[in-house]
Amino acid sequence: MDATEPPVSRDMLRQAHLRLRHSVPTGGIGQHLRRRAGQSLEFREFRSYQMGDDIRLVDWRASLRTGRLGGRLVRVFEAEERTTLLIVVDARPAMRLPEAAPKLLGALWVLRALAEVAAASGDEVMFGTLFSSRDDRLVSARGQAAPTVARQFAEDVWTATPAPLDTVPAASTVSLMRCLRPASAVVLLSDLLFDDPGGAIARFLRAAQDSWRQVFVQLLDSLEAELALARAARRLRVASTEGRRFDDTPTEIDRPWEDAIRKRIGQHVAERLEAWGGPGLTVEPPLTWPTTGGLPALRAAFAADFPTSGLLRGIAARGGAG
Amino acid sequence: MIAAGLALLAGLGALAWYLQRPAPRDLRLSFARLLPDPPAVPRRVPRLALALPVRSLSFWLHLLAVALALAAVCADLRLRLGVHSLQIGLRIVMDVSHGMTTEVGGVSRLDLARSTAREEAEAARAAAGSAPYCDEVILAARSYRRAALVDLETVEAMPEGADALNLLEAARQEDSDCAITHVTVLSDISAPTAVWPAEAPILRWVQVGEPTPNAAITDVRQIPPRLNGTPAALIVTVDTFGGIDPPVLVVGGPDGEVRPVLEPSLDRPGRFLARMVPGTGGTHLARLEGRDAYGGDDRLAFDLAAPDAIFVDWRLPGVPLPRGVRPSDRAGLSVVTLADLGTVPARSAVLAVHPGWAVAASRGIGAFAKDPALLGVINLDVLERRMPAPIPEPLPPGFLPVLTDVAGGVVLARRADPPGLIVPDPVRDADPDVTALSLTLFYSALQDLSGGDEVPLDLRWETAAGQPVADAWKESDTSRPMSAPPPPADYAALVAKTPEQPVWPLLLLAALGVLLAERLWCLRRRWAVAL
């Protein structure tokens with residue numbers, strides 16, 4: 001079993017399908033009916049025959065009921081279109097913490113789970129990373145190929161050699177912006193603890209909300225788990241992280257210190273979300289890391305929480321195509 | 001005390017260890033970038049925290065381990081692991097020495113022991129009830145053999161004497177199919193004071209047989225004749241027990257029977273000695289007239305082979321024969337000059353003299369060997385002044401120096417087999433010191449070679465019917481006072497005597513277990529925290 005294989009039932013994921021707002025941009029032929037005339041079998045309306053219409057679409061009975069000679073009516077059907085999901089993973093080195101149950105692993109589980117859902121409905125999925133040291137080209141796949149490509153992408157991200165923790169991560173959104181046009185929805189998987197000094201990420205997320213696209217932000221919250229680690233140690237020497245350097249002075253862990261941390265992080269996340277705010281932004285309830293038990297506990301928590309998570313319920317639905 | 005001190009030190013050490021503040025732990029936090037700035041001047045934190053580590057499970061576990069170790073060292077606790085079921089294994093050691101044939105009123109001591117053995121076995125079997133039970137009988141005298149309880153009826157006394165050590169040895173036998181828990185010794189001997197091992201089965205010593213007077217011939221000694229003419233003597237020892245008068249002693253031999261007078265001995269009350277001149281060599285029989293309690297010690301046969309005079313092949317014409325010496329060409333001892341040593345038969349003992357005093361020599365004493373028979377009565381200070389001349393020729397084969405002068409010349413020499421001595425010749429008309437030295441050396445050598453000690457006799461006790469009884473003298477004291485009978489065997493106490501196990505290994509094991517639990521708990525906690 002791969003490390004990045006999500007600990008949830010694949011059958012459950014296969015029974016779901018993407019259910020985005022009907023207003024999101026779509027393309028090609030897919031399983032999603034749209035309020036546009038198309039080539040599906042779903043009847044939409046009658047309209048008057050126009051030159052060039054296929055004579056086989058004329059509904060003769062309806063035409064006779066109009067009572068007008070030559071008033072022929074043709075059947076118009078709804079369109080079946082395909083949606084495209086762009087999943088962006090925050091791949092900062094700090095996402096590999098806590099070491100026993102890295103947040104990056106949880107993000108990759110979500111990524112592969114959504115790829116399974118997209119594959120079931122024949123949609124296209126694009127995968128990209130933020131702050132990655134690897135080639136930041138996006139990877140896309142459609143239909144049944146999506147899970148395989150997602151697996152390869154996730155394994156590549158997971159096994160890539162991370163940059164040192166103390167380096168300042170640099171976000172690259174050029175490729176993401178380039179591939180934004182076909183996307184129907186964007187999913188960002190992150191702890192939102194990064195800094196965005198140039199505002200590139202904010203610009204990308206605001207642009208992602210244009211054209212009625214949906215943007216889902218899934219927060220990965222390991223704050224309490226890491227605070228529990230710090231609490232157990234009582235006194236710590238914190239490793240330098242993302243440009244913030246600490247000397248050898250030990251840090252005493254106490255309740256005020258923890259409260260201050262919670263407050264700071266809460267403010268930081270709120271600022272991030274406020275900067276990205278727009279009509280298409282949906283911030284899902286965070287996936288919370290268990291405070292003890294490590295990876296097995298995380299697997300169990302993911303298996304219990306993800307099927308009922310806001311992200312899955314917001315993006316996918318059980319039953320037929322929508 | 002030392003252990004307590006060590007444990008106290010260990011406890012204090014553990015306390016000090018847990019009073020230490022833990023070293024800061026290196027940790028990587030994903031939100032470290034957002035941590036508040038540390039204080040500009042870090043607060044100094046003392047190394048030791050004054051608060052007791054009451055919330056530390058490790059501390060309490062370590063304290064418990066120290067307490068257990070202390071208890072293991074100091075507390076002499078014993079634990080009876082379970083109650084063992086009652087199991088009785090009875091060994092009856094029956095004295096079947098010849099003295100057990102002593103009868104009083106037609107009942108022998110063997111009969112008494114036999115009935116007592118049956119009672120002991122029945123009591124043990126009844127105490128065992130349905131519990132496992134086994135018994136065995138050891139018939140012991142000077143030697144021992146096993147028998148079954150049912151064979152007691154046909155058991156007879158063995159024609160040999162025994163003592164308490166023989167019985168104890170039989171009682172301690174371990175090669176048995178029966179797991180022995182109790183040993184009962186039935187004997188007419190009083191219980192010995194020998195220490196019985198604490199871990200051995202429970203011992204009961206039951207003395208049977210009322211005290212009965214007895215007289216016995218316990219020893220015969222032959223005193224050889226002396227050089228001074230004292231003739232050989234035969235001394236017969238008669239012991240009486242129970243305060244009776246000495247019986248009439250009759251000693252018979254090739255020359256007929258004599259009835260020597262028994263004189264009281266100074267050794268102990270009740271002992272009488274009969275001194276007589278031995279007659280012609282041959283088998284003799286000493287016997288007591290009359291009948292007493294035990295008849296196995298009333299007749300003693302022995303052989304007199306030693307002559308009643310000292311016969312010597314005396315070839316020193318100038319030296320007169322001592323009074324007790326008879327000249328004989330076929331004697332086993334020859335007294336010759338050193339020059340005639342070659343004419344002495346090869347297997348004959350020899351005393352050779354050399355003219356040591358004829359030559360003036362004022363040399364000091366050199367090396368000499370320990371030889372009490374020769375030098376024990378010599379005043380070496382006088383000998384230093386009147387040192388005889390050494391042997392003028394090489395030592396004959398087989399002789400080793402006993403005394404040499406400072407120049408290494410051999411003055412006295414001895415041969416082990418056949419016995420032989422070379423000493424200076426005796427002189428009578430010289431300096432008084434020289435005369436004394438020469439005569440002392442010569443006659444000491446002659447006494448040594450002529451075998452002046454007693455000749456051990458082969459003593460053979462026998463019954464009136466002629467049956468030999470080995471070591472019958474050990475059975476002679478039939479008047480031993482009866483010791484108080486031991487209390488009945490408490491077989492139920494066997495359960496209480498279930499071996500107790502010392503607790504200290506368990507305490508030590510528990511201490512180690514606590515330490516292991518503490519380590520495992522720490523590992524689990526560390527693992528859980530790390531995750």
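A polar contact here is a pair of N or O atoms within 3.5 Å; within protein, one must be able to donate a hydrogen and the other to accept it. The model in these views is predicted.

**View 1. Thr4(A) and its polar partners.** The side chains of Thr4(A) and Glu155(A) make a polar contact of 2.6 Å. A second polar contact, of 2.9 Å, links the side chain of Thr4(A) to that of Arg112(A). Thr4(A) sits in the segment before α1 (10-14) of chain A.

**View 2. The surroundings of Thr4(A).** Is Thr4(A) buried or exposed? Thr4(A) counts as buried because its relative accessibility is 0%, and the cut-off for buried is under 20%. Neighbours within four places in sequence are set aside in this view. Beyond them, Thr4(A) touches Leu105(A), Leu108(A), Trp109(A) and Arg112(A). Thr4(A) is also in contact with Ala154(A), Glu155(A) and Trp158(A). Two of these residues return from View 1: Arg112(A) and Glu155(A).

**View 3. The interface of chain B and chain A.** The size of an interface is often given as the accessible area lost when the parts come together. Here, chain B and chain A bury about 3,200 Å² between them. Carbon and sulfur atoms account for 61% of that area. Which three residues supply the most of the area that chain B buries against chain A? They are Arg28(B), Ser30(B) and Arg33(B), with 24%. In residues, the contact draws 38 from chain A and 26 from chain B.

**View 4. Polar links across the interface.** Four salt bridges are counted between chain B and chain A. One salt bridge joins the side chains of Glu99(A) and Arg28(B), at 2.9 Å from N to O. Polar contacts across this interface involve 13 residue pairs, with both residues at pLDDT 80 or more.

**View 5. The side of chain B that touches chain A.** Two elements of chain B, β1 (25-27) and α9 (504-530), each supply at least two residues of this side. Which element gives the most? It is α9(B), with four residues. By class, this side of chain B has 17 nonpolar, eight charged and one polar residue.

**View 6. Strand pairing between the chains.** Strand β9 (residues 235-238) of chain A runs parallel to β1(B). Three bridges join these strands. What stands opposite Arg237(A) in β1(B)? That residue is Asp26(B). The strand β1(B) also appears in View 5, as a supplier of at least two residues to the side that touches chain A.

How values were computed. Residues are numbered from 1 along each chain as its sequence is written. Chains are lettered from A and ligands numbered from 1 in the order in which they are written. This is a predicted model: local features need pLDDT of at least 70, side-chain atom pairs count only at pLDDT 80 or more; totals for chains, interfaces and linings use all residues. Side-chain values use heavy atoms; hydrogens and water are left out. Contact means heavy atoms within 4.5 Å. Buried area is the accessible area (1.4 Å probe) that two parts lose on being put together, summed over both. Ala, Val, Leu, Ile, Met, Phe, Trp, Tyr, Cys and Pro count as nonpolar, Asp, Glu, Lys and Arg as charged, and the others, Gly among them, as polar. Two strands pair if DSSP finds at least two bridges between them. Buried means under 20% relative accessible area, exposed over 50%, partly exposed in between (1.4 Å probe, protein chains only).
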